[in-house]
Structures are given as structure tokens and as C-alpha cells.
Amino acid sequence: MYKIKLTALALTLGLALSSAGAVPLRWAAQNDILTMDPHSQNHTTTIAILMHAYEGLTRYNDKFQVEPALATKWTYISPTQVRFDLRKGVKFHDGSPFTADDVIFTFGRISQPQGTMQTYVAGIKEIKKIDDHTIDVMLNAPTPILLRNIIDFRIMSKAWAEKNKTTNVQDYKAKEDNYASRNAMGTGAYKITGWQPDQKITMVANKDWWDAKNASNVSEVIYTPIKSDPTRVAALLSGDVDLLTDLPTQDVAKLKLDAKLKVVEGLEVRTIFFAMDQGSEELAGASVKGKNPFKDKRVREAMSVAIDREAIKRTIMRGLSIPAGIMVAPGVNGNTPDIDVPHKVDIERSKKLLAEAGYASGFEVPLNCPNNRYVNDEEVCQAVVAMWAKIGIKARLAALPFSQHSQTFQRFEAPLYMLGWGVATFDAQFTLQSLAHTRTSGADGNFNYSRLSDAQLDQLIASMKTETDVAKRNALIREALLRVRDESFFIPLHHQMRPWAMRANVETVHRSDDRPEARFTHIK
């Protein structure tokens, strides 16, 4: 019933806009959003779509500098009290006014434990209302990256949430559904008019958006998830798609030669890696019983040393990857070339490390990977399975669409899994705090599904969260990244490159966070 209604709505809107001389942007990539609840899933595609409808107090400009959004300015009353003046005259898509009550309500909602977005309000103790358009953000301690964090603290209407019984964040891992997971209603530049899962998402320009001077000429957006590489490229070549942001590596050179197209190249601040269950006493589904091999640093290091990252770059990624030694990519504060040095493949050393750990014959373990999220994700996993087999580790690969893959590891049911982590704040704390800190009820460890817990690492992360001296803070970040690297707490594979292809009449700003924005897009 729901899909039928959305199809009819999208068709009606499409006809109306076409008759009005609409300028559509037809955008395709390989995977769909997971939900429309803006506080449920810290998943880049989901965020990239929803940020067209939902806004934060701050935002990035076209050069990733922080600028005002729903707040017009901020003043530090003290190191732990920041006053935000809220933008007046802003209306939600239903015409209701945006006020301080919506910010305070949203803070309570995004902080709920069943979501995975708490990292964006890390360090905030409380938000106090001064008046309808003034709030004070009270911090637990000085928070150096506050203004970057809160970009993805996306404001929801309190009245709308209450009316539609969706004051609680969707519990995605439990396959829960609610009104906010199927509908969107924010203050942003575009109104989401329909979502047919795995088929399309439709948006229309918000004519009442407060930032008219920054509005593009794109009057509607049609986003189509297309898992198949050949089908995705064919859609671009035939003119059915204007913008393609997931390019098959094998087609990049060919697309560059097509006069009807242009390819915009750039780095992505995303690292692809494997995470291992390091907390369980016994590894679920493994051939080893009564103990957990991943608790032993030698096993983790052996698995990393067995991977030929240069071969993956050359044969699978067609040169469009940067072999990784640390967990943050170039472009992220904390990455420096001298520490981002990957392990060199050494099968004999791997075997020696496994033997020293008591696993001379190797062992068998499940490996969970997505098959529609990252560049050549399933193919990379298949290659690594073959590399691990050389040292006796038999990884049983289960490759699933990311929606299912994500639910599996969020239920702690994946003892070994692939993940890609993009750094929304362009600062290494975002990675370290979310993935590497001991899991708590708040932002610390909120995406730590490998049960990693290291007291030394926790202390370094705690210190960097509040250190305002830039040099001292960067030294803490460096030490933490080195500890993660040297203890092999994760197995980084590579940092992704992310070329986009588009019709020649499309002008857009390449975003290294892999979030295309219609407001930065013009169609000639």
C-alpha cells in the first residue's frame, strides 16, 4: 500500500514538474538508503540523501569550512557554554516555525541508545532554552570539534514527531519501522516526496527555503540505487542518468574518453578495513572452541601481513585506492604519510606469527562483507579470502546487501567483517571515538561492534576530546593512531578514491565525504 501511494505521488509530481519546465537531476549510485530516520543510522548514503531535507545548526561550505545554517552565530560564554542564535523565520516543510524547542527535542532524540548518531552530539551535556531563538549548549568539557560535530545533528520538528508518534529513534538492528523511518520533514532545500526501497527516491525543491541565494537551478532530484555495475554505467551512457557517483573502476578510463561526459576525480576520506571480535571469550562460528584467536595481537597482525594491498590496488581497484596503514585517510586531521605505512605482504612471517600464537594449522572463521556498498567490496573480500587461505585461515565469506550486512554486525553476530568508515568531521577523533573507544552508552564506542577495549587508547581519546591546544591535541591523535596500527586492532585495507561521472551539462562540486549536494549543482 505504501509503495503504491509513493509511486502515484512521484508520478503526479513528475508530471507537474515537467509541465512547469522542471530541471531534474537524475543521480545514481550503487546502494540505497537504510532509513529516512535522520537519527538512526550513521551511514553515508543515508546521510547524503537526508541532508537535503534535514539541516543542522552549522554546515560546510563548498570548501568544507564551517558556516552558519539553522544558527546564525555562536558565542562562547565560557569554554563549556556556547550560545547559539537561531535563525528566525525558518519554516519546516509543513509550514510550521522552527524554534529552540525543536533543537532541544532533537538533542534528546539523537541521544537515544538505539540509534548510531550520538557521536554528532559528543561532549554536549545539555541544551538550555534562553528564548524561542536562543539556546545555550552546555558542554561536559571544552570540545574542540563541536562545530564540525553538530553539522550532522539534524533538527527534527518536535510537533511533527509527537503528532506522528515517532519521538523515539527507530531501532534499525531490530528491523523496527516507524513514521520517521518512512517519511521526512525538515527545513532543508529539498522536500523528499517518496521512497521506493531499492528503486528510487524523489525530491522537489523547497520554494520556501531560507537560503534562497544559495539555491541551485535543480528543481527536482531523482536518486536511483543501481547495484549492477554494467547497468549503472549503461544508464549514464544512454542519458537516463545525469550523475553517477559509484563508478566501476574498470570503466573510468573509458568514461573519460566520452565527449558527452566528464569525470571529476578526487580522494574520499574513507578507509576500508576489517574489524574483528576481540571481546568474546569464544569466537562465534569459528573452528577454534573455548577461546578467541582475535584476542591475540599476533593473529591479528598475521592476518594483516598476509594481505597484498598493492595487488588489490593493481588488479581489483585499477589504481583507484591508496593502500592503508592507519585508520584515517589523507585529508583527515591526523593522517600523515610517515605513519600511514601499510604492512608489506609476507606470508612466511604471517605463518610464523600464527604458529607462535598456537595456530600453526590456522583456523576457520565466518567473514561478513557487503556486496553493494564500497568500491568492489565483494571482489576485495574474495581476494582477501584467497590470501588468508595461504596461511591456513579459512574465511567463510557471506556477502550481503549493506542493509542486511549492517543489521548483522550491529547485533554483534559478525566475528569478522568489512566496514568502510568515512570521516564526516575531517578529524581523526571521529574515527577513534566511534570505532576504537570502549563501548559505552553514549558517543564513546557507539560504532564499536568489535568489542575492542583498550585502557591506554581510551585515555588518549578522552584527552583529545577536550584538549584545546592544537599541537598537543594532534600529538594525542598521532599516538592513538599509532597504537591502533601497532596493535593491529583493525586491519586497514585501503583509502578509497572516488571519481564521479556526469553529463557534460552538469556542474557540481566534488565532495570528498562522498555526499553530493544538489545545492552545489547546476544543470546548463
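This report walks through the overall build of a protein, one of its sheets and two of its residues.

**The protein as a whole**

Please keep in mind that the model is predicted. Its secondary structure amounts to 16 helices and 21 strands. The radius of gyration is 23 Å, close to the 24 Å that the globule rule gives for 524 residues, so the protein is as compact as a globular protein of that length. Taken along the principal axes, the box filled by the C-alpha atoms is roughly 70 × 55 × 45 Å.

Of the 524 residues, 60% are buried. Among contacts with a separation of 6 or more, 71% link residues 24 or more positions apart. The exposed surface comes to about 19700 Å², with 53% of it supplied by carbon and sulfur atoms. As for charge, there are 66 positive and 60 negative side chains, and the centres of these two sets lie 1 Å apart.

**A seven-stranded sheet**

Now to the sheet. Strands of a sheet pair through backbone hydrogen bonds, either parallel or antiparallel. Here, seven strands form an open sheet with mixed pairing, in the order S8-S9-S10-S1-S11-S19-S12. Its edges are strand S8 (190-196) and S12, each of which pairs on one side only.

Four of the pairings are set out below.

| Strand pair | Sense | Bridges |
|---|---|---|
| S9 (residues 200-205) and S10 | antiparallel | four |
| S1 (residues 24-29) and S10 (residues 220-225) | parallel | six |
| S1 and S11 (residues 243-244) | parallel | two |
| S12 (residues 261-264) and S19 (residues 500-503) | antiparallel | four |

Individual residues help to find these pairings in the model. Between S9 and S10, Val204 stands opposite Glu220. On its other pairing, S10 places Ile222 opposite Arg26. Trp27 has Leu243 of S11 as its bridge partner. Towards the S12 edge, Leu261 is bridged with Arg503 in S19.

Strand S12 also has two distinct faces. Leu261 and Val263 make up the covered face, whereas Lys262 and Val264 lie on the uncovered one. Leu261 thus belongs to the covered face and has its bridge partner in S19.

**Two residues up close**

Is Arg519 buried or exposed? At 11% relative accessibility, Arg519 counts as buried, because the cut-off for that class is under 20%. Arg519 sits in the loop between strand S20 (506-507) and strand S21 (522-523). Leaving aside residues up to four places away in sequence, Arg519 touches Arg59, Tyr60, Glu67, Tyr190, Trp209, Asn214 and Ser216. One of these, Tyr190, falls within the range of the edge strand S8 (190-196). Val509 is 10 residues from Arg519 in sequence, and their C-alpha atoms are 9.6 Å apart in space.

Thr466 offers another setting, in helix H15 (residues 455-466). With 33% relative accessibility, Thr466 counts as partly exposed, because that value falls between the 20% and 50% cut-offs. Which residues does Thr466 touch, not counting those up to four places away in sequence? They are Ala141, Pro142 and Pro144. Ile145 is 321 residues from Thr466 along the chain, yet the C-alpha atoms of the two are separated by 9.2 Å.

Notes. Residues numbered from 1 in each chain as written. Predicted model: local features only at pLDDT ≥ 70, side-chain atom pairs only at ≥ 80, totals over all residues. Heavy atoms only, no water. Rg over C-alpha atoms; globule rule 2.2 N^0.38 Å. Buried < 20%, exposed > 50% of the residue type's maximum accessible area, 1.4 Å probe, protein only. Contact = heavy atoms within 4.5 Å. Areas by Shrake-Rupley, 256 points an atom, 1.4 Å probe, with all protein chains shown as cover. Lys, Arg positive; Asp, Glu negative; His and termini not counted. Charge placed at Lys NZ, Arg CZ, Asp CG, Glu CD. Pairing = 2+ DSSP bridges.
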